[in-house]
Amino acid sequence: MRPAIAYIRVSKPKQGRSGLGLEAQQAAIKMFCAQHAYSIEAEYREVETGKGADALERRPELAAAMKLARKLGKGGKAGAAPIIIAKLDRLSRDVHFISGLMVQRIPFIVTELGPDVDPFMLHIHAAVAEKERERIAQRTREALAAAKARGQMLGNPAIGEARKAEAALHAERFRPIVGPLRHLPAKRISVVLNERGIATPRGGKWQATQVIRLLSRLHFAGDPSGVSSDRPI
């Protein structure tokens with residue numbers, strides 16, 4: 001077993017207190033390590049707002065994880081043990097911050113992207129994700145502006161589009177856990193989520209239809225539709 005370090009980050013203090021988001025990240029990292037023969041030597045958890053936090057001095061847990069990674073990797077070919085993250089935006093949403101981390105020569109592995117994604121490709125994925133967030137935000141602003149220009153009240157189709165975009169963003173926090181399971185039948189995925197104690201966005205139990213809706217909001221590399229209409233349930 002190769003040594004590695006787990007890094008988990010939630011973006012709001014409330015999420016850190018409640019554990020919201022922590023379980024999904026832990027489950028994704030644990031599954032990845034079992035599949036690829038990694039042994040987690042330590043787990044670091046960061047709780048911060050995300051706003052203005054893309055500086056290493058404001059990420060003490062990440063800085064500590066990097067220090068331990070170098071210590072564990074002494075004498076090895078890589079020079080540092082890998083730091084494993086469930087999802088790229090748990091490391092950062094800022095492409096420039098991620099670029100700065102890459103020059104530290106510490107391997108960062110993102111479970112949803114797989115073990116063979118090199119630093120250059122991590123940078124590309126971060127840039128694409130940043131651009132997609134900008135597009136979603138722009139579409140939301142345009143829909144709201146168009147509704148206002150037409151004098152429409154809340155509840156019109158434009159507002160529905162804004163809510164749809166917001167739902168897609170909320171779905172993203174489930175990507176690390178459902179990604180490795182997406183080729184299973186929806187009913188089986190719902191059973192796995194319930195067995196792991198992972199609640200739906202509204203805090204309830206998963207059903208197959210909810211899984212299908214979730215997968216339809218997520219897009220995976222090589223699986224552009226996210227879910228097919230004939231997916232077995």
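Student: Which ring does the charged end of Arg-2 sit over?
Tutor: This is a predicted model. A charge sits over a ring if CZ of Arg is within 6 Å of the ring centre and within 35 degrees of the ring normal. The charged end of Arg-2 lies 4.1 Å from the centre of its ring partner. That ring belongs to Tyr-38.

Student: How many aromatic pairs are there, and what makes Phe-32 and Tyr-38 stacked?
Tutor: The count comes to 2 aromatic pairs. In one of them, the ring centres of Phe-32 and Tyr-38 are 6.2 Å apart. Planes under 30 degrees apart count as stacked. Phe-32 and Tyr-38 are stacked because their planes meet at 15°.

Student: Are Phe-32 and Tyr-38 buried or exposed?
Tutor: The cut-off for burial is under 20% relative accessible area. For Phe-32 and for Tyr-38 the verdict is buried.

Student: What is the geometry of the pair formed by Phe-174 and Trp-206?
Tutor: The ring centres of Phe-174 and Trp-206 are 5.3 Å apart. Their planes make an angle of 85°. Planes over 60 degrees apart count as edge-to-face. The pair is therefore edge-to-face.

Student: How many residues apart in sequence are the parts that Phe-174 and Trp-206 tie together?
Tutor: Phe-174 is in the loop between helix H7 (157-171) and helix H8 (175-178). Trp-206 is in the loop between helix H9 (186-195) and helix H10 (208-217). The pair therefore links parts separated in sequence by 32 residues.

Student: What are the relative accessibility of Phe-174 and the relative accessible area of Trp-206?
Tutor: Both values can be set against the burial cut-off of under 20%. Phe-174 counts as buried at 2%. Trp-206 is buried as well, at 3%.

Student: Which helix supplies the largest share of the largest nonpolar core?
Tutor: That core has 23 residues, and Leu-62, Met-66 and Phe-108 are among those with the most contacts inside it. Elements that each supply at least two residues include strand E1 (2-10), helix H3 (60-72) and helix H5 (95-102). The largest share is 5 residues, and it comes from H5.

Student: Which residues is Met-66 in contact with, leaving aside neighbours within four places in sequence?
Tutor: Met-66 is one of the residues with the most contacts inside the largest core. Its contacts beyond those neighbours are Leu-56, Ile-83, Leu-101, Gln-104, Ile-106 and Phe-108.

Student: How many residues does the second, separate core have?
Tutor: Its members include Ala-171, Leu-193, Ile-198 and Leu-215. The size of this second core is 19 residues.

Student: How many of the residues of E1 are buried?
Tutor: E1 has 9 residues. The strand is largely enclosed by the rest of the structure, because its buried residues number 7 of the 9.

Student: In what sense do E1 and E2 pair, and in what sense do E1 and E3 pair?
Tutor: E1 and E2 share 9 bridges, in the parallel sense. Ile-8 has Arg-45 in E2 as its bridge partner. Ala-6 has Ile-84 in E3 as its bridge partner. E1 and E3 pair over 2 bridges, and the sense is parallel.

Student: Within what arc do the buried residues of H9 fall?
Tutor: Those residues are Ala-186, Ile-189, Ser-190, Val-192 and Leu-193. Seen down the helix axis, they line one face of H9, because they fall within an arc of 160°.

Student: Which helices do the buried residues of H9 pack against?
Tutor: The face of H9 turned away from the buried side carries exposed Lys-187 and Glu-195. Just after H9, Gly-197 takes a positive phi of about 75°. The buried residues pack against H8 and H10.

Student: What separates the C-alpha atoms of Leu-88 and Glu-112?
Tutor: Leu-88 lies in helix H4 and counts as buried at 8% relative accessibility. Beyond residues up to four places away in sequence, Leu-88 touches Ile-98, Val-110 and Glu-112, among others. Leu-88 and Glu-112 are 24 residues apart along the chain, and their C-alpha atoms are separated by 8.1 Å.

Student: Of contacts between residues at least 6 apart in sequence, what percentage join residues at least 24 apart?
Tutor: The protein chain has 10 helices and 4 strands. Buried residues make up 41% of its 233 residues. For contacts joining residues at least 24 apart, the share is 65%.

Methods: Residues numbered from 1 in each chain as written. Predicted model: local features only at pLDDT ≥ 70, side-chain atom pairs only at ≥ 80, totals over all residues. Heavy atoms only, no water. Phe/Tyr/Trp six-rings, centres within 6.5 Å; stacked < 30°, edge-to-face > 60°. Buried < 20%, exposed > 50% of the residue type's maximum accessible area, 1.4 Å probe, protein only. Core = buried A, V, L, I, M, F, W, Y, C linked by side-chain atoms within 4.5 Å. Contact = heavy atoms within 4.5 Å. Pairing = 2+ DSSP bridges. Arc of directions from axis to C-beta.
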